Amino acid sequence: QVQLVESGGGLVQPGGSLRLSCAASGFTLDYYDIGWFRQAPGKEREGVSCISASGGSTYYADSVKGRFTISRDNAKNTVYLQMNSLKPEDTAVYYCAADYRTPTVQTMCINLRGASWGQGTQVTVSS
């Protein structure tokens, strides 16, 4: 069964850090572009960061640039999102998604492309 599972969410104070993980089962992530997306209450889902299958290309939304870092460990079949300097406006459910041969990682993030999606992990930034 093809599955993506997110973990690492939680409650953190403003300025704090979290690391999200996206683990795949039932398939190998090596050939897939992976994206992190988020959806806050009452808002549309948005692309946060995407990484190419090789790891050589990354994209970040302007709102997270300089604070978030996406990385992948294909040996562990896992993609990570390191989130630093968290702000209340980062509060959302975070999802990871896998897609194959997207034109660019920017396209994947902006167009919310994903052939397989995880169920999400809640991130709450609050004092």
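Asp33 counts as buried, at 7% relative accessibility, where buried means under 20% relative accessible area, exposed over 50% and partly exposed in between (1.4 Å probe, protein chains only). The model is predicted: local features need pLDDT of at least 70, side-chain atom pairs count only at pLDDT 80 or more, and totals for chains, interfaces and linings use all residues. Residues are numbered from 1 along each chain as its sequence is written, and side-chain values use heavy atoms, with hydrogens and water left out.

Asp33 lies in strand S4; strands (E, at least two residues) and helices (H or I, at least four) are DSSP runs numbered from the N terminus. Its C-alpha atom is separated by 7.3 Å from that of Cys50, 17 residues apart along the chain. Ser52, in the loop between S5 and strand S6 (58-60), also counts as buried, at 11% relative accessibility.

Leaving aside neighbours within four places in sequence, Ser52 is in contact (heavy atoms within 4.5 Å) with Tyr32, Asp33, Ser57, Arg72 and Val105. With the same neighbours left out, the contacts of Asp33 include Ser52, Arg72 and Met108.

The table lists polar contacts, pairs of N or O atoms within 3.5 Å; within protein, one must be able to donate a hydrogen and the other to accept it, and residues adjacent in sequence count only if both atoms are side-chain atoms.

| Side chain | Partner | Distance |
|---|---|---|
| Asp33 | Thr102 side chain | 2.5 Å |
| Asp33 | Ala53 backbone nitrogen | 2.9 Å |
| Ser52 | Gly56 backbone nitrogen | 3.2 Å |
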